[in-house]
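Have your viewer ready, with side chains easy to switch on. We will walk through some charged pairs, one selection at a time.

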Amino acid sequence: MTPQPPNILLLCTDQQRFDALRAYGNDQIDTPNLDRLAAAGVLFENCYVQNPVCGPSRASLMTGRYVHAHGLWANGVAPPEHERMFTNDLADAGYDCGLVGKFHLAACAGGRTEPRRDDGFRVFRWAHDPYPGSSENAYHRWLRAFRPDLYDAAVDPGSPVTFDTMPTEAHYSHWIGDETISFLRSDRLRDRPFCFVANFFDPHHGFGAPKEYTDRYDPQALSRPVTTPDELAGKPPIFTEASAKSYGGHAKGYVEYTEDELQETKAAYYAMVSLVDAEVGRILATLDEEGLAENTLVIFTSDHGEMLGDHQLMLKGPMMYDCAVRVPLLMRWTGVLPAGVRRSELVQWIDLGATVLDAAGLPPLPRGQGASLLDLARGGKDAWQRDWALSEYRDSGHPYDPAVHTTMLRHDRWKLVVHHGEPATARARTGELYDLVADPHELTNLWDDPERAPVRLALQEKLLDVLVATEDRSQPREAYW
């Protein structure tokens, strides 16, 4: 009898920086369930997303393609209808596919309902975020039925109840856990493999969690933002603008926070991660109870990071610091992948779809640009060829005036970030160059250092080669002319 292909459980948070897990060396945060997941599987130390904001990054996850290839270049933009997702191939191969929570492959602002596309999901429990908006928000529908008193209080501007600080049993993250558990307990899963995507909204701003989680953290006991007093003087001017006002002027900037408020924000952010950790613990326990754990590939990751005061910046935007574009990536597949292994190679979000299809025994997406991580996770280091990571920002979040376009290349010990000038925007071209061995916190910009000019030139030339190598040339050539 042919064994059933493995189940796929993809757990994804929103705006979680790589170091917001104890397993990544942060002893100030409480994440016992995710730490156990890391200990039972493979932890990738250097996973980079393809864009530092939600929509473009998530499109890269689902299509396995770079931002300049799939076309969803900014939040509020939809990819072309011909873009195929890895869940389409899984569904065609007999997988039962489902999603709960955020998706963000189309515009969601102003009460919009994200339109369905050919995505392969049988179950689609969409809720872009926990806040008032679309009438089709599945979380709101559930909350109105489960706790109408809390829903009414949360939408009342005069009430102290908010969606961020909702009691745990009524919180969006808990709802994600419940919906995932309900799917895992379905009788439909007994005769076919599944792929379920659980998309948490936490620890996205605005920075709040149930009291039982915020009580775990003393803001004053947490580390202070990573910066130096004169850091912005050596960085591109856009960072001074973003320090004053986040999100192109649409949100509170770093300079508007008091020192105490910065610490309280970090405590709330950590509390949000701990809440997600507890829900992941419930989900993993359900896998065990249902006898599904042995044949399920579990992946935990996030769509991008959060500045959290580092470099005198908050939230996200045209920043390519590691805290913005480097994310956690954990993979557990009992009996197939080793336990307690850490991989330092440069991997990317476009690799996850290829990894899932490889695990399912399916060929890669015909237009996919990622590579399966399974062999690397098993220890096949010599087979991993790509020694760089690429991230692109094309005025992708709330727009700046003039527009901001940045491109990051991570290679060897170096990070190069080009801030593009004419003809792309009216801004002057400038950039960033960091030696991540000597300066792991990216505090000293070497872009204008004459001694590093040869390194910068070599990296800029490599970036050009990378951009050419990642062009979409999937359209078949039928003849020589």
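Start by selecting Arg141, which is partly exposed at 43% relative accessibility. Keep in mind throughout that the model you are looking at is predicted. Now add Glu136 to the selection: the two side chains form a salt bridge, and their closest N and O atoms are 2.8 Å apart. Glu136 is partly exposed as well, with a relative accessibility of 37%.

Next, move to Asp472 and show Arg367 with it. How far apart are N and O in the salt bridge where these side chains meet? The distance is 2.7 Å. Color the surrounding elements and you can place both partners: Asp472 sits in the segment after α14 (453-469), while Arg367 belongs to the loop between α12 (351-359) and α13 (374-378), so this pair ties together parts that lie 105 residues apart in sequence. Asp472 is partly exposed, at 34% relative accessibility, and Arg367 is also partly exposed, with a relative accessible area of 25%.

Now select four residues together: Asp14, Arg58, Lys102 and Asp303. Salt bridges with shared partners join them into one network.

For the last pair, go to Arg17 and Asp19. They form a salt bridge whose closest N and O atoms are 2.7 Å apart. Is Arg17 buried or exposed? Arg17 has a relative accessible area of 7%, so it counts as buried, the cut-off being under 20%.

If you would like to keep exploring, there is plenty left to select: a search of the whole structure finds 39 salt bridges.

Definitions and conventions:
Residues numbered from 1 in each chain as written. Predicted model: local features only at pLDDT ≥ 70, side-chain atom pairs only at ≥ 80, totals over all residues. Heavy atoms only, no water. Buried < 20%, exposed > 50% of the residue type's maximum accessible area, 1.4 Å probe, protein only. Helix = DSSP H or I, 4+ residues; strand = E, 2+ residues; numbered from the N terminus.
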